[in-house]
Amino acid sequence: MAEAETMVTAYVAAGFRKIHLDASMGCLNEPAALDDETTARRAVRLAAAAEAAAQKAGGQKPVYVIGTEVPPPGGADHTLTAIEPTASDAARKTIDIHRQVFAEAGQSDAFSRAIGLVVQPGVEFGNRNVIFYDRSKVGALTQLLSDEPKFVFEAHSTDYQGVAYLSELVKDGFPILKVGPELTFVLREALYALDLIASDFSNDYGDRPLYRAMETLMTAHPDNWNRHYHGNVQETRLLRHYSLSDRIRYYWAMPEAKAAVDRLYDALRGQLLPLPLFWQHLPDAQHFADIPIDPEALLIWRVEKSLAAYQQACGLAS
């Protein structure tokens, strides 16, 4: 907890003012998930650290998100069939216990700035599949917002939902939408598409050298994926590259990966790539055809394309 307090202090000192008081997971030799009261008592310690840091730094006071329904970081590691939304009574209990514990600790002012509650709206993704939002299952949960009007819900693991389901989530009271692996997944998707395009376009580039470099790197350093990907040799190879959990993201900063990406950039930068190659390997990027290609600009475009679904769902699209 001391390290968590140090981290929260550093975030507030750096200017962050929306703080998720995420203390629901056990520390060493504790259960994986903690009860509401223990979570609330740890959350108030983090809030006290944030309040002290904000007072020292000056400026706007922090706002807080509380909640104990935090899914596994980066998605589940197995095929999912269903995810039950948070029960309304459980969400209400979480708010009530936090309100009480904050008051007992003299942090009622901090709790007055609690704006969000993390709940499970029934969405999740595993290595191979996505559980999409079903608004018919959350009626009782969303009714809670009428009784607690200062709160909204924060939804985690909203990756891969798409604009229609994201829009329903926002309309139903989940305007804080967390996304992560989807963005690195589409970055990898675009890199691998360019790897294929370069392989087809240039006789000197070789046969998918970026893919081959990443496979060599991940098999030589398996710690970031081997506890999450299960199956035979073929299945784990596919998951290393194409899992929706996208644990390949932990490798892009390694020197071997950087060198392979730089080689890809060098092979394509400034080239006039024909339209049929984009139709074959990355159809949505066809507007990059027949103009001097900037590979990095294409990668940014692909990530922004996924982010646009969130902006549209939240009414922020231009």
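Which residue of β3 does isoleucine 66 stand opposite? The close-ups below take this up along the way. This is a predicted model, in which local features need pLDDT of at least 70 and side-chain atom pairs count only at pLDDT 80 or more, while totals for chains, interfaces and linings use all residues. Residues are numbered from 1 along each chain as its sequence is written, and side-chain values use heavy atoms, with hydrogens and water left out.

**View 1. An open sheet of five strands runs in the order β1-β2-β3-β6-β7.** Its pairing is parallel. β1 (18-20) and β7 (176-177) stand at the edges with a single partner strand each, so one side of each has no neighbour in the sheet. Helices (H or I, at least four residues) and strands (E, at least two) are DSSP runs, numbered from the N terminus; two strands pair if DSSP finds at least two bridges between them.

**View 2. Strands β2 and β3 meet in the parallel sense.** β2 covers residues 63-66 and β3 residues 114-119, and three bridges join them. Here is the partner we asked about: isoleucine 66 stands opposite leucine 117 in β3. Helix α3 (residues 88-104) packs on the sheet and touches β2 and β3, its direction making about 140° with that of β3. Contact means heavy atoms within 4.5 Å. Axes are lines fitted to C-alpha atoms, for helices over the stretch in contact, and angles run from 0 to 180 degrees between N-to-C directions.

**View 3. Domain 1 (1-178) faces domain 2 (182-314).** These bounds come from an automatic or database domain assignment. The C-alpha centres of the two domains lie 32 Å apart, and 19 residues of domain 1 are in contact with 17 residues of domain 2. Together the domains bury about 1500 Å², 54% of it on carbon and sulfur atoms; buried area is the accessible area (1.4 Å probe) that two parts lose on being put together, summed over both. Asn127, Arg128 and Tyr160 supply 41% of the area that domain 1 buries against domain 2, more than any other three residues. Helix α6 (residues 162-171) gives the most to the side of domain 1 that touches domain 2, with four residues.

**View 4. Arginine 42 forms a salt bridge with glutamate 30.** Their closest N and O atoms are 2.5 Å apart. Arginine 42 belongs to helix α2 (residues 36-57), whereas glutamate 30 sits in the loop between β1 and α2, twelve residues apart. A salt bridge is a side-chain nitrogen of Lys or Arg within 4 Å of a carboxyl oxygen of Asp or Glu. By this rule the count comes to 19 salt bridges, with zero across the interface of domain 1 and domain 2.
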